[in-house]
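Trainee: I should like to understand how the terms used for this structure are justified.
Mentor: Then let us set each value against its definition.

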Amino acid sequence: MTSSPTIDSEKRFTELVQPDRVHRTLYTDQAIFEEEMEKVFGATWVFVAHASEIPRRNDFVRKRLGLRQVIVTRDATDTFHVLLNRCTHRGATVCRVESGNARRFTCPYHNWTFTNQGALAAVPLAAGYGPDFDKSALGLGRARCESYRGFIFACLNPAAPGLADHLGHAARLIDQWLDRWPDSDIRVQHGRHRLTYRGNWKLTYDNSADGYHPGFSHASLLRMRQERYGAGVDMQYVLGDVDTSQQSVTDLGNGHTFLDSRGEVERFWPQAAPMPGQDAYEHTLRNRLGSEAAAEALEIAVGSAMNLNIFPNLLIIGNQIQVIEPYGVDDTHLVWYSTSIHGPGIPDEVNSIRMRLQEDFPAFGEPDDLANFEECQEGLRISEMEWVVTGRHLDTGTETLDATGHVTAPVSSELPIRAFWREWTRIMTTGKTEAIS
């Protein structure tokens with residue numbers, strides 16, 4: 001048994017993150033968690049909302065940036081803003097509803113009023129602050145805000161490169177995910193599943209491109225469907241020796257990772273998980289559109305066989321968006337957002353099918369993962385066993401470069417976990433934010 005690494009030195013994170021393992025305290029230490037909330041969720045770009053959640057001018061939605069409440073707004077000029085939800089007077093939150101439409105936000109405590117761009121607009125009895133009172137210096141805190149194809153990100157670090165640099169090649173995969181139907185876009189307006197677990201937020205990211213676990217963790221669900229509906233239904237390609245499959249995982253850089261199962265899917269609709277009304281929807285579309293056009297429409301109703309993970313908190317899974325929300329060192333919320341697709345020639349029935357299918361995995365598959373996360377957190381409290389193994393396929397000679405020059409490996413490789421920890425270590429040792437006045 002090895003001795004504990006020093007955690008109070010400048011090099012503590014490089015000691016805690018090694019090429020084939022990481023230390024358990026990265027998941028359990030309160031001080032490390034608090035530093036993550038400052039740096040990882042402050043010094044780099046963090047996903048906060050989708051543009052379709054605030055479709056009209058002056059719409060807003062309340063979200064989170066690590067432990068910080070923020071208000072994401074679309075102002076009268078169609079410009080997005082990310083405002084810290086904290087009155088500059090006495091610290092109360094100024095927005096206390098989840099969403100709405102407003103040009104101004106008024107703090108209920110003393111009625112200080114702010115525009116949806118963050119400026120302080122009005123103060124009751126302002127003369128009481130004297131002749132030098134300067135409203136222009138007391139607006140809401142503001143984060144940098146940029147968007148890519150409807151995905152809105154925020155960053156508190158003025159020195160960080162722009163969003164395009166942060167996304168890098170991951171942006172091309174966002175394009176592939178979005179462009180499965182010509183001239184279409186997605187909308188995130190159809191509710192959400194909010195799930196919680198008693199574990200660290202990074203356990204989700206460890207799992208996000210882990211092709212090693214599905215054939216074991218989700219075996220009961222997949223085998224039940226195999227017995228009831230036959231071979232080939234609902235991701236049964238994750239059963240058995242996945243290292244001989246056509247699935248892969250890729251390190252995209254900047255902590256972003258990708259699990260690609262598209263090589264296992266010749267057609268999506270025949271492999272769809274069973275859902276209420278699917279036969280009736282298919283019959284309606286084939287009668288109206290003809291077999292060929294209906295088949296193309298049904299393809300985008302199902303999934304994408306893509307798991308695209310944008311560091312640190314955005315996971316694109318099938319047709320859904322999952323957002324990681326840390327609340328505490330061992331308290332994490334996962335929010336699954338359903339998406340609909342809109343564009344020329346897309347029948348309404350396609351989105352009805354998407355909604356039914358997007359009820360499936362959060363209800364029947366994700367509970368398996370949450371149980372594992374909680375049991376990991378429980379086990380990681382055992383101080384005598386210090387290390388978490390992350391070296392699968394590190395030394396098997398199976399890592400290669402793909403056509404874009406990124407390292408790729410068999411789907412059960414722990415390459416994505418190592419990619420996450422490399423970026424995490426870089427930010428934790430170099431990232432910093434500045435106070436917002």
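**Pocket, cavities and contacts**

Mentor: In this predicted model, α13 contributes the most to the lining of the largest pocket, namely 4 residues. About 470 Å³ of space lies in that pocket.

Trainee: Which residues are the closest to the centre of the largest pocket?

Mentor: Of the 21 lining residues, the closest are L203, D206, N207, D210 and C376. The elements that give two or more residues to this lining are α6 (202-208), α13 (366-379), β22 (387-389) and α14. By kind, the lining divides into 11 nonpolar, 6 polar and 4 charged residues.

Trainee: What makes an empty space a cavity and not a pocket?

Mentor: In a cavity a 1.4 Å probe fits but cannot get out, whereas a pocket is an open set. By this rule there are 2 cavities of 30 Å³ or more. About 900 Å³ of space lies in the largest cavity, and about 100 Å³ in the second largest.

Trainee: Which residues lie nearest the centre of the largest cavity?

Mentor: M235, N307, I317, G318 and F361 do, out of 44 lining residues. Among the elements that give two or more residues to this lining are α6, α8 (219-229), α12 (360-364) and α13. The lining holds 21 nonpolar, 17 polar and 6 charged residues.

Trainee: What lines the second largest cavity?

Mentor: It is lined by 15 residues, with F47, R64, N313, V323 and E325 nearest its centre. The elements β3, β4 (59-65) and β19 each give two or more residues to this lining. Its residues divide into 9 nonpolar, 2 polar and 4 charged.

Trainee: Why are α3 and α14 called roughly perpendicular?

Mentor: The axes of α3 (residues 30-39) and α14 (residues 415-430) cross at roughly 85° and come within 10 Å. Angles of 65 to 115 degrees count as roughly perpendicular, and the two helices are therefore given that name. I32, E35, E36 and K39 of α3 make the contact with W424, I427 and M428 of α14. These residues comprise 4 nonpolar, no polar and 3 charged.

Trainee: What makes F41 and W201 an aromatic pair that is edge-to-face?

Mentor: Rings pair if their centres lie within 6.5 Å, and planes over 60 degrees apart count as edge-to-face. For F41 and W201 the values are 5.1 Å centre to centre and 75° between the planes, so the pair meets both conditions. The structure holds 19 aromatic pairs.

Trainee: Where in the chain do F41 and W201 lie?

Mentor: F41 is in the loop between α3 and β3 (46-50), and W201 is in the loop between β14 (192-197) and α6. The pair links distant parts of the chain, 160 residues apart.

How values were computed:
Residues are numbered from 1 along each chain as its sequence is written. This is a predicted model: local features need pLDDT of at least 70, side-chain atom pairs count only at pLDDT 80 or more; totals for chains, interfaces and linings use all residues. Side-chain values use heavy atoms; hydrogens and water are left out. Axes are lines fitted to C-alpha atoms, for helices over the stretch in contact, and angles run from 0 to 180 degrees between N-to-C directions. Angles under 35 degrees count as roughly parallel, over 145 as roughly antiparallel, 65 to 115 as roughly perpendicular and the rest as oblique. Contact means heavy atoms within 4.5 Å. Ala, Val, Leu, Ile, Met, Phe, Trp, Tyr, Cys and Pro count as nonpolar, Asp, Glu, Lys and Arg as charged, and the others, Gly among them, as polar. On a 1 Å grid over the protein atoms alone, a cavity is a set of points where a 1.4 Å probe fits but cannot get out, and a pocket is an open set with protein on both sides within 12 Å along at least five of seven lines; lining residues have an atom within 4 Å of a point. Grid points are joined across faces, edges and corners, and a volume is the space filled by probe spheres set on the points. Rings of Phe, Tyr and Trp (its six-membered ring) pair if their centres lie within 6.5 Å; planes under 30 degrees apart count as stacked, over 60 as edge-to-face and the rest as tilted.
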